[in-house]
Structure formats: C-alpha cells, structure tokens
Amino acid sequence: MSDYKFFAQVNKAFDIAAKYSEYDQGLLDQIKICNNIYHVTFPLERDDGSIEVIHGWRVEHSHHKLPTKGGIRFSTTVNEDETMALAALMTYKCAVVDVPFGGAKGGIKIDKSRFSDSEIERITRRYAYELIKKDFLGPGSDVPAPDYGTGAREMGWILDTYRQLKSDINAEACVTGKPIPQGGVRGRTEATGRGVYFGVREACKNKEDMEDLGLELGLEGKTFVIQGLGNVGYHTAQNLIKGGAIMVGVAEIEGSIYDSEGIDLERLMEYRQDTGSILGFGDTKELESNTAVLEAECDILIPAALENQINEENAANVKAKIIGEAANGPTTAKAHDILKEKGALIIPDNYLNAGGVTVSYFEWLKNLSHVRFGRMEKRFEESSYRKILNVIENISDRKFSEAEMGVLAQGADERDLVDSGLEETMINSYNELNELRKTHDIDLRTAAFLSAINKVGIMYNQMGIFP
C-alpha cells in the first residue's frame with residue numbers, strides 16, 4: 001500500500017465527524033492544519049569516523065493550548081506525513097481526555113540497530129539541540145515524550161541537553177517519560193497499557209452494547225488477541241488477564257501464535273527472552289504469517305503495534321467483536337467501514353491509547369510543582385484512617401491486627417494517585433464518547449473526533465484571531 005497517506009486518513013475521519021459540528025469550514029480548516037512543521041538534518045560522526053546525515057522532524061499541530069505534547073520515535077518509517085498525522089492525533093487525543101495540551105509529534109529516521117549506544121546519544125542530543133534553537137522544546141512551548149524506539153534513557157538525555165543550554169527552574173518539565181530520579185512519575189511506564197485496559201473494561205460494562213454484540217457483561221472470560229508485546233502491548237495484556245480475560249493469540253515481528261485454551265503471558269515473555277521468538281511456545285499453533293492471528297477467533301482484538309495493520313485486505317476476515325486500538329492508527333479508513341458494517345465495536349486510538357499522555361500530564365504537573373504526589377498528604381491520610389479504625393475498635397468487638405491496620409490505613413502514594421487519576425480520566429471520557437455516539441447515531445471514532453472538534457473549536461472561537 002505504497003499510496004497510503006496517514007495524515008489524509010486522519011483528516012478523512014475528521015471530516016466525517018465535522019459534519020456533526022456547528023463550526024464553519026474556515027475554523028474547521030484551522031483545526032485540521034499543522035501549525036508548525038520542522039524538518040531538521042544534521043551530520044553524525046560515526047564511531048569509525050565516517051559521516052552520516054540524519055533526518056528528523058518535529059510537528060506542532062495545534063497551538064490552541066500550550067505547551068504542545070507528543071512523543072519522539074526512532075524508526076525507519078519516520079517521515080513528514082506520518083509525523084503530521086501523529087501530531088494531529090495527539091491534538092484530538094488530548095482534547096478527548098481533557099488534557100490541556102496542543103498536539104505535537106517528532107521522530108528521527110534511523111534503524112537503531114545500526115548504531116551504538118554512544119551514537120544514539122549523540123543523535124538524541126543533537127536533535128534536542130536543534131529543537132531548542134527553534135523553540136520546539138521547553139516546559140511552556142513543546143514537551144516531548146517516549147514513543148516507538150525511544151524510552152526513559154533518551155528522555156533523560158533530552159532533559160540534560162535542555163538544562164545545559166537553558167537556565168530554567170522548570171527544566172524538568174521540558175520532557176516527560178523520564179527516569180524517576182530525573183523527575184519521572186511512578187506509573188508512567190505502564191500508563192498507556194493500563195489506560196487501554198480501563199477503556200476496554202468500561203466498554204464491556206455497558207449492558208446495552210454487550211447485548212448488541214452478543215457478549216456477556218463484563219471482562220471476565222472474554223478472549224483476546226494482541227498484536228505487539230512491547231511496552232503498551234505487554235501491560236495491556238497483563239491488565240486484561242488480571243481483569244479476567246483470556247489471551248488466546250499473539251502476534252510479533254517473527255510470527256503469530258494461537259491457543260484457544262489460553263496463553264500464559266509471563267511464561268511467553270520468558271520464552272521469548274530466551275529464544276528471541278514467540279514461535280514454538282508451549283502448545284500454541286504457529287500461524288502462516290505475523291498478521292494471520294488478527295483474523296483468529298476471539299472476542300477482543302488489540303492491535304498494539306504500528307499503523308495500518310487492519311486494512312481492506314484483512315478487515316473482512318476479522319472475527320473479533322471488539323477492536324481496541326492500543327496503537328496509533330492501526331485501522332485504515334476502509335477497514336474501519338468494513339468492521340463497522342460487520343457490527344464490531346471499535347474503540348478508537350484517539351481515546352484508547354491516551355493513558356500515556358494523561359500520565360505525562362501528571363508528570364509535567366509534578367515537575368512544575370516541584371513536589372512528589374502524595375508527599376504532603378500520605379501520612380496525614382494514614383493517621384486519619386487509623387483514628388477511624390480505632391473508633392471502630394472502641395465501639396465494637398472487632399480488633400485489627402497491625403498487619404490489617406497497615407493495609408486498611410495506608411495512605412495513597414504517587415503510584416496510587418497517578419493510577420486513580422488515569423482510571424478517572426479513561427472512565428469519564430469513555431462514557432462521554434458513548435453518549436455522543438448514541439445521541440448522533442455514530443461510531444465511537446467519529447464521536448471521539450467530534451468531541452475533540454467541539455473542545456478545540458470553542459477555544460479558537462474564544463481566542464479570536466491575532467492580530
């Protein structure tokens with residue numbers, strides 16, 4: 001599909017939703033357009049002394065709120081169109097879950113396996129320097145985060161580069177997804193997968209929707225297939241299993257496997273660590289390709305890899321009744337229409353994988369406030385809970401052991417508060433989208449775009465035009 005244009009796919013979905021909004025075409029065009037596009041090139045001196053030219057991008061899609069926010073990916077697929085599309089999705093995603101950022105995205109076009117760690121560090125730092133020069137990096141302007149091919153290590157390098165060049169008391173807030181000692185927040189690593197779980201769980205709680213799909217209420221006993229066991233996929237699968245779902249299929253780069261009786265996630269991860277592959281694990285059946293499992297029997301399909309994985313070539317064969325888009329743009333517009341015609345419930349990416357940016361928002365707030373969540377209130381809460389439990393002991397025959405006291409009187413620490421905020425965000429946002437969906441008789445993707453259009457549009461209307 002060489003003619004596939006990701007940004008055009010995003011705008012097509014936007015245009016469908018825009019028909020249900022009350023804004024005129026001029027304002028809709030302003031919402032859609034990317035405000036700033038920066039293509040940077042710079043030389044890298046390799047460890048062997050040779051020179052290689054590196055290409056990178058940073059796109060700020062919308063300045064209706066600042067800072068803009070979005071990840072940085074290191075991949076050979078990075079290009080301007082992809083970066084624009086992902087930046088736009090970040091705008092809409094932030095609006096859907098009421099996170100006060102504009103959307104942005106960045107990337108460097110490299111195959112990480114070709115470079116040493118020291119070369120990756122030099123690439124990351126030079127890219128950060130180029131962004132700083134143009135004010136595409138800063139706590140109040142543009143705040144990156146990890147994405148495909150990057151992680152806490154790279155974010156730490158970006159922070160250090162910014163701090164070396166800027167005298168800014170809020171320097172830690174220039175990037176999120178950092179290591180904890182550098183101002184990261186507990187719960188960020190698993191946030192996107194945890195958010196996917198909360199979203200899917202909430203969908204499965206809706207009695208009317210489950211009856212329409214011919215499924216039982218709740219997550220318990222539902223089977224799922226997951227594509228991609230990276231950070232997002234692993235934590236999604238882990239949480240779904242804890243919630244009572246059964247993993248029956250897995251797809252990875254090397255192939256796909258299926259077992260209707262269920263697949264043990266932790267044992268599979270250990271097996272892949274030892275062998276470098278998921279193929280041959282236990283009693284699983286190896287399928288003919290690494291995408292074949294997308295068409296396998298299951299209740300829930302979770303694409304947690306890259307975009308364009310469910311397309312017009314395989315959508316008609318997808319058997320799952322719920323598609324939870326943990327990845328960015330995993331379903332093409334044509335595939336979406338095919339799945340919708342089949343009666344599937346598609347939980348869209350611009351809502352479902354918003355857990356990462358939600359917790360990034362919490363990290364940004366932590367960095368600006370310069371205090372760890374829970375530091376001031378944790379002990380006070382514990383003391384208050386102990387007083388309540390002591391009163392219960394005094395007016396009843398119930399006596400609590402010290403171990404019970406420790407559990408019942410525990411105050412919320414940073415991870416507890418972050419997880420609570422994430423759960424609140426995902427539940428409220430899903431119910432808001434489902435209400436929009438039923439009010440306008442549209443699908444959830446269109447509802448998510450409509451929600452974003454309404455929230456961004458009102459900002460542009462109130463802001464007016466400068467000058």
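Visitor: Where does Asp135 sit, and what makes its backbone notable?

Guide: Asp135 lies in the loop between α4 and β5 (142-146), where helices (H or I, at least four residues) and strands (E, at least two) are DSSP runs numbered from the N terminus. Asp135 has a positive phi of about 60 degrees although it is not a glycine. Asp98, in the loop between α3 and β4 (102-108), likewise has a positive phi, of about 55 degrees, without being a glycine. Most residues other than glycine have a negative phi, and most peptide bonds are trans.

Visitor: What are these values based on?

Guide: This is a predicted model, in which local features need pLDDT of at least 70 and side-chain atom pairs count only at pLDDT 80 or more, while totals for chains, interfaces and linings use all residues. Residues are numbered from 1 along each chain as its sequence is written, and side-chain values use heavy atoms, with hydrogens and water left out.

Visitor: Which peptide bond before Pro67 is cis, and what is its omega?

Guide: The bond joining Leu66 and Pro67 is cis, with omega at about 0 degrees, and Pro67 belongs to the loop between β2 and β3 (68-74). The bond from Phe466 to Pro467 is also cis, with omega near 0 degrees, and Pro467 is found in the segment after α16 (444-463).

Visitor: Why are α1 and α3 called roughly parallel to each other?

Guide: Helix α1 (residues 6-18) and helix α3 (residues 80-96) pack at about 30 degrees with their axes 7 Å apart, the axes being lines fitted to C-alpha atoms over the stretch in contact and the angles running from 0 to 180 degrees between N-to-C directions. Angles under 35 degrees count as roughly parallel, over 145 as roughly antiparallel, 65 to 115 as roughly perpendicular and the rest as oblique. α1 and α3 are therefore roughly parallel. Their contact (heavy atoms within 4.5 Å) involves residues including Phe6, Phe7, Val10 and Phe14 of α1 and Met84, Leu86 and Tyr92 of α3.

Visitor: What makes α6 oblique to α8?

Guide: Helix α6 (residues 191-204) and helix α8 (residues 231-242) pack at an angle of about 45 degrees, their axes being 7 Å apart. That angle makes α6 oblique to α8. Among the residues making the contact are Tyr197 and Val200 of α6 and His235 and Leu240 of α8.

Visitor: How do you know that Arg122 and Asp47 form a salt bridge?

Guide: The closest N and O atoms of Arg122 and Asp47 are 3.0 Å apart, and a salt bridge requires a side-chain nitrogen of Lys or Arg within 4 Å of a carboxyl oxygen of Asp or Glu, so the pair qualifies. The pair links distant parts of the chain, with Arg122 in helix α4 (residues 117-133) and Asp47 in the loop between β1 (36-45) and β2 (51-60), 75 residues apart. The structure holds 38 salt bridges.

Visitor: Which residues form a nonpolar patch on the surface?

Guide: Tyr385, Ile388 and Ile392 form the patch, with about 260 Å² of accessible area together, computed by the Shrake-Rupley method with a 1.4 Å probe and, for residues, only the protein chains shown as cover. Patches take residues with over 30% relative accessible area and no salt bridge, joining like charges within 9 Å and nonpolar side chains (Val, Leu, Ile, Met, Phe, Trp, Tyr) within 5 Å. Ile388 is in helix α13 (residues 378-395).
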